[in-house]
Amino acid sequence: MLITLPAMQIRGGTSKGVYLLGDDLARYPLDAVLSALMGGAPRQLDGLGGDATTTSKVAVVSPSIEDDVDVDYLFVQVDPKTGRVDRTPTCGNILAGVGPFAIERGLVPVSGDTTVVRIRLVNTGARVVATVRTPDGAVDYSGDTTLAGVSGSAAPVELTFTDFAGGTAGTLFPTGHRIDHIDGVEVSCVDAGVCAIVMRATDLGITGGESPAEINADSALLDRVERIRRKAGELMGLGDVTGRVVPKVMLISASDTADIRSRYLVPTSCHPAHAVSGAINLASTLSIHGTVADEFHSTTTGSAIGIEHPGGVLELAVTLDGDAPVGATITSTARKLFDGTAFVEIR
């Protein structure tokens, strides 16, 4: 069966995704449509995916029924190798395009030179306020803001997060501990922004400065990380996480250019830059004493935290209430790539 869907493709942060209205999908089996939309193996040739986890993403945006929220954002990750759909995690990079998309589709009216869009992240329950440039009554994508890992520049999209702790596992530290020992490695299992496992790179026999290509070529390292990830998933109450994209993994180390260096696994390969949700998680972990990131903690509370990743440095600020992260602010960018009709073959 061939169906047509109004679709927009947007580069959000360091990812790229297809943005759809929830109403346009209501009559179809969601997972089947989105898997087919992105294309399947080999190389997602028969769809809009880009044969990588960072380019095989979908945002489903709908008007919210909640009084203090404008739109609901459901993130969907489609595995580029299998076509499997995962709605467990969220994506802070794709989130950068949700505000512009909501304005473009008329879900939120323009309110001046900048327009605020209040967003609920359906996957985790977090709330975000996106501030989008809208001079002359329309979204302006051009500007001077640059992102590490993205060529060129664009207009800034400021994202302020709240209610992002415990969205998947129900609590900030799902195992009940700030440090656990799994297969002889100290780990911190943290649910903030995204459910993730933080480990020191040196505890796994690497420096943490390896390139994504070097990490992806190290099958012994990836196998070891995956064994730890599966055991951590059980400890976090997530059950068998085999084949699922959460919990994510961050391998951390000291940085000469930022507060901390990270290699973000998604989870069986290394991200070419860094996920925003992962950055929120790591900044939260770094800000709380007693975690594996504690030794790297030198940033004054409330100031920006810099995270070095393969594409450069990402900065964000985290607000704590005691030891609980309650707010995070980051500046991202988005750029509309196309707006038109997608043709989807459901077999």
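Two strands are taken to pair if DSSP finds at least two bridges between them. By that yardstick, in this predicted model, strand β1 (residues 2-12) pairs with strand β16 (residues 324-345) in the antiparallel sense, over eleven bridges. One of the contacts puts Q9 opposite F338 in β16. Strand β1 also has β2 as an antiparallel partner, this time over five bridges, and here I10 has G17 of β2 as its bridge partner. The two strands β1 and β2 make a hairpin with two residues between them, and G13 in the turn takes a positive phi of about 60 degrees. As for solvent, β1 is mostly covered, with eight of its eleven residues buried.

Strand β2 turns up again in the aromatic contacts. A search of the whole structure gives one aromatic pair. The partners are Y19 and F101, whose ring centres sit 5.8 Å apart; their planes meet at 45 degrees, so the pair counts as tilted. Y19 belongs to strand β2 (residues 15-21) and F101 to helix α4 (residues 98-104), so the pair ties together parts that are 82 residues apart in sequence. Both partners are tucked away from solvent: Y19 is buried at 0% relative accessibility, and F101 is buried too, at 1%.

The backbone has a few oddities worth pointing out. Most residues other than glycine have a negative phi, and most peptide bonds are trans. Q44 goes against the phi habit, with a positive value of about 50 degrees although it is not a glycine. Q44 sits in the loop between α2 (30-38) and β3 (57-63). Despite being in a loop, Q44 has a relative accessible area of 2%, so it counts as buried, the cut-off being under 20%. D183, likewise not a glycine, has a positive phi near 50 degrees. Its place is the loop between β9 (180-182) and β10 (185-192). D183 has 39% relative accessibility and is therefore partly exposed.

Cis peptide bonds come next. One joins V246 and P247, with omega at about 0 degrees; P247 is found in the loop between α6 (219-235) and β12 (248-253). Another runs from V266 to P267, where omega is near -10 degrees. P267 lies in the loop between β13 (260-265) and α7 (276-287).

Key
Residues are numbered from 1 along each chain as its sequence is written. This is a predicted model: local features need pLDDT of at least 70, side-chain atom pairs count only at pLDDT 80 or more; totals for chains, interfaces and linings use all residues. Side-chain values use heavy atoms; hydrogens and water are left out. Helices (H or I, at least four residues) and strands (E, at least two) are DSSP runs, numbered from the N terminus. Buried means under 20% relative accessible area, exposed over 50%, partly exposed in between (1.4 Å probe, protein chains only). Rings of Phe, Tyr and Trp (its six-membered ring) pair if their centres lie within 6.5 Å; planes under 30 degrees apart count as stacked, over 60 as edge-to-face and the rest as tilted.
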